[in-house]
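Hi,

Here is the structure I promised to pass on. Have a look through it first, and my notes follow underneath.

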Amino acid sequence: TVTDIYGNADAIIGRWTNGQTAGTAAYTLSANQGFHYFFNRPISVAFSLPTSGQINYNLIASTKPTIADGSLAPGVFEARMAFLFGSSIRVAMEGNITMPTSGSNSVFNFSTQGGMANPSQTTTGVFHSTGAFQYSVSATQSTGPCGSSGCSVDFNGTFTGNNTNTIGMTYTAQNGDIDKTLIGAALFGGTFLLPLFLGRVRDYSASEVGTTMVVSGLAMFLTA
């Protein structure tokens with residue numbers, strides 16, 4: 001069964017569940033488990049990242065997170081994030097993974113330093129290569145202490161298409177018990193903070209920033 005499908009012109013996510021894989025090492029997935037996937041349109045040869053500024057991203061869609069051993073029903077993933085560009089690339093992010101339980105829900109909370117209220121405070125670096133990226137965010141869980149290695153959420157993703165507007169990723173949330181690992185996939189969309197860039201980096205006046213934004217907005221409208 002394929003479920004939790006979402007896609008646009010740049011990327012698609014989904015979850016295979018409640019069935020058996022093919023091949024010599026066949027594996028059966030219950031309705032509470034899943035193989036989460038993400039496919040993207042390859043980045044163009046002209047793709048490049050900004051050298052300064054910040055891009056804020058909101059969640060477009062996500063698969064329902066599942067637990068490795070299938071002991072809980074699929075849950076809910078929520079998050080916001082930003083990439084900060086400069087001499088190195090950093091990420092600011094905060095969110096949670098909520099899994100239903102017989103009592104109160106089990107919540108896996110994750111956040112970089114400063115969260116999204118103060119993204120500039122983040123110290124979380126991003127490994128980046130040819131549009132692909134990976135990073136890890138510290139986490140806590142509501143249902144008990146983390147293992148000796150602590151709780152974390154590891155993200156692996158990529159930019160898509162010709163620009164930085166859409167990113168897709170898969171993630172694994174770990175608490176030290178491999179059978180309780182949470183997995184999922186997500187798509188985020190964002191827009192480069194052009195007014196901030198023009199004002200702080202290019203030293204544009206307020207009127208120049210306004211004029212540039214109007215021209216840019218008209219161009220996007222006419223080419224949509």
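A question to start with: are F83 and F133 buried or exposed? Both of them are buried. Keep in mind that this is a predicted model.

I began with those two because of how their rings sit. F83 and F133 make an edge-to-face aromatic pair, with 5.2 Å from centre to centre and 75° between the planes. F83 belongs to strand β8 (residues 76–85) and F133 to strand β12 (residues 132–141), so this pair ties together parts that are 50 residues apart in sequence.

F133 has another ring partner too, Y135. Their ring centres are 6.2 Å apart and the planes meet at 20°, so this pair counts as stacked; the cut-off for stacking is under 30 degrees. Why do F133 and Y135 count as buried? The limit is under 20% relative accessible area. F133 comes in at 3% and Y135 at 5%, so Y135 counts as buried as well.

If you zoom out from there, ring pairs link a whole cluster: F47, Y57, F77, F83, F85, F110, F133, Y135, F155, F159 and Y171. The count for the model comes to 15 aromatic pairs.

Next, the pocket. The second largest one holds about 190 Å³ of space. It is lined by 14 residues, and the closest to its centre are I67, L72, S106, Q141 and T143. Which elements give two or more residues to that lining? They are β9 (90–99) and β10 (106–111). By type, the lining divides into seven nonpolar residues, six polar and one charged.

Last, a sheet to look at towards the start of the chain. It is an open sheet of three strands in the order β1-β2-β5, and the pairing is antiparallel. β1 (2–7) and β5 (35–40) stand at the edges with a single partner strand each, so one side of each has no neighbour in the sheet. From one strand to the next, the twist averages 10°. β1 pairs with strand β2 (residues 11–16) over four bridges, in the antiparallel sense. If you want a spot to find by eye, V2 has W16 in β2 as its bridge partner.

That's what I have for now. Shout if you'd like to go through any of it together.

Cheers

Definitions and conventions
Residues are numbered from 1 along each chain as its sequence is written. This is a predicted model: local features need pLDDT of at least 70, side-chain atom pairs count only at pLDDT 80 or more; totals for chains, interfaces and linings use all residues. Side-chain values use heavy atoms; hydrogens and water are left out. On a 1 Å grid over the protein atoms alone, a cavity is a set of points where a 1.4 Å probe fits but cannot get out, and a pocket is an open set with protein on both sides within 12 Å along at least five of seven lines; lining residues have an atom within 4 Å of a point. Grid points are joined across faces, edges and corners, and a volume is the space filled by probe spheres set on the points. Ala, Val, Leu, Ile, Met, Phe, Trp, Tyr, Cys and Pro count as nonpolar, Asp, Glu, Lys and Arg as charged, and the others, Gly among them, as polar. Rings of Phe, Tyr and Trp (its six-membered ring) pair if their centres lie within 6.5 Å; planes under 30 degrees apart count as stacked, over 60 as edge-to-face and the rest as tilted. Buried means under 20% relative accessible area, exposed over 50%, partly exposed in between (1.4 Å probe, protein chains only). Two strands pair if DSSP finds at least two bridges between them. Axes are lines fitted to C-alpha atoms, for helices over the stretch in contact, and angles run from 0 to 180 degrees between N-to-C directions.
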